[in-house]
Structures are given as C-alpha cells and as structure tokens.
Amino acid sequence: QPLRILLALLERPGELVGLHEQNIRLDRTPPLVQVRGSARDPSAPEGAAKFREVPLTIGQNSLPRLVRAHLADPQRPVKASYLLLSGHRRPSGEYEPLTVNGLRQMLEALGDTIGIKCNAIRLRDTFCTWCADAGTPKQHLQQLLGHRSSRMVTRYYRRKTSRAVLDAAARIRF
C-alpha cells in the first residue's frame, strides 16, 4: 500500500520521505499534498518553490482513497508523524521515517520484481513527460513540480513522441 501511494505522489525523493501526515490534506477539494520541506531540510522543499500544493487526483481518482486507507491501517503506529515509515525503530520504540536510501532500495526491489529499472527520478520524469504529452501547460507543470524556471520543464516537452507532435500539428487550423 505505501509503495502505491509513494509512486503516485511523484514528489522529489527527499520531499516524499519528509512528508508528515499533516501535509496530506484530505479535507480539501481536491485533496492535496502540501510540500513544505524535505528530509534534508524540513523547513524548505528541495526545489525553488517555498511551498506548493500538489493535487492527489492527478492522473487518477483512487489516490485519496489509498492514502486514507494507509493512514487508517491498524498496523500503522499510533501518533506516527511521517507519512512513510521504515521498519526500523528508535530506542524509544517509535518507527523511524523512511529515508531516501530506503526509498531507493524499495524501488530497486520493485524493479527487480517487475524487470524494469525503477528509481524515483525516473518515475518523476516519466510522469512529467506524460503530463506534457497530455497537453498540460508548461506553467502548470512548473508549479506542480516546484521548478524555478520553465526551462527545467521544457525538457519534458522536448521528449514528446513523434506521434504526439504530429497529433498537435494536426489540430492547428489556419
């Protein structure tokens, strides 16, 4: 369950493992994730944006339901602050948050299972390319990703498939 949530959020790895339960706003319409910090610096996201909100309904509507189920899981420790936890415990008995290295290991294991090289950055890049291919405006994708400039986003539009480019050209009317 946590892995499906993790893959769907598509945040930067450090931001993803730094998410706290309070950053998940299931009470909003649409439900969203408030990106306020990262594992490295809890007070600042890894990108240029000081704060950004990412809808949980991008590309699918089942994600809010999965997040609710994850948070309500009876196996989940009471008073867990972080969204994603590792299997390691602190001396106090509480579970430690998942680390970027732990995330990498999870994705490598997933890749070994399915036979496709899998890492967080590749998943984020694939998601961004799909958004570009679906016609998401650059400024919207820039805001979702937290990029400082649209130049960072442009590379996803350059990767568009020939079919996507031909389809876009076919829609132009003179």
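Strand 2 (residues 32-35) sends its side chains two ways: Leu32 and Gln34 point to one side, Val33 and Val35 to the other, and all of them are buried. That fits the textbook picture, since in a regular strand the side chains alternate between the two faces of the sheet. Keep in mind that this is a predicted model.

What does strand 2 pair with on either side? On one side there is strand 1 (residues 24-25), joined to strand 2 by 2 bridges and running antiparallel to it. On the other comes strand 3 (residues 52-55), again antiparallel, with 4 bridges to strand 2. Put together, these 3 strands make an open sheet in the order 1-2-3, with antiparallel pairing. Strand 1 and strand 3 are the edge strands, each pairing on one side only. The link from strand 1 to strand 2 is a hairpin, with 6 residues between the two strands.

Here are some of the residue pairs across the sheet, if you want to click through them:

| Residue | Partner |
|---|---|
| Arg25 | Leu32 in strand 2 |
| Ile24 | Val33 in strand 2 |
| Gln34 | Glu53 in strand 3 |

So much for the sheet; now a helix. Which residues of helix 3 (residues 63-72) are buried? They are Leu63, Pro64, Leu66, Val67 and His70. Looking down the axis of helix 3, these buried residues fall within an arc of 160 degrees, so they line one face of the helix. The general rule behind this sort of spacing is simple: an α-helix has 3.6 residues a turn, so residues three or four places apart point the same way. Over on the other side of helix 3, Arg65 and Ala72 are exposed.

Another helix worth a look is helix 7 (residues 150-158), which holds Thr154. Is Thr154 buried or exposed? It counts as buried because its relative accessible area is 17%, and the cut-off for buried is under 20%. The Thr154 side chain has polar partners too. One is the backbone oxygen of Ser150, which the side chain of Thr154 reaches at 2.9 Å. Another is the side chain of Lys138, in a polar contact with the Thr154 side chain at 3.5 Å.

Next, the cysteines. How many disulfides does a search of the whole structure find? The count is 0. For reference, a disulfide is a covalent bond between the sulfur atoms of two cysteines. Two cysteines can still be placed by their cover: Cys118 is buried, with a relative accessible area of 12%, and Cys131 is buried as well, with a value of 10%.

Finally, the whole chain. Its secondary structure comes to 8 helices and 5 strands. Reading from the N terminus, the elements go α-α-β-β-β-α-β-β-α-α-α-α-α. The chain has 174 residues, and 37% of them are buried. How about contacts between residues at least 6 apart in sequence? Of these, 51% join residues at least 24 apart. As for the accessible surface of the chain, it comes to about 10700 Å², and carbon and sulfur atoms account for 53% of that.

Technical notes
Residues are numbered from 1 along each chain as its sequence is written. This is a predicted model: local features need pLDDT of at least 70, side-chain atom pairs count only at pLDDT 80 or more; totals for chains, interfaces and linings use all residues. Side-chain values use heavy atoms; hydrogens and water are left out. Buried means under 20% relative accessible area, exposed over 50%, partly exposed in between (1.4 Å probe, protein chains only). Two strands pair if DSSP finds at least two bridges between them. The arc is that of the directions from the helix axis to the C-beta atoms. Contact means heavy atoms within 4.5 Å. Accessible areas come from the Shrake-Rupley method with a 1.4 Å probe; for residues, only the protein chains shown count as cover. A polar contact is a pair of N or O atoms within 3.5 Å; within protein, one must be able to donate a hydrogen and the other to accept it, and residues adjacent in sequence count only if both atoms are side-chain atoms. A disulfide is a pair of cysteine sulfur atoms within 2.5 Å.
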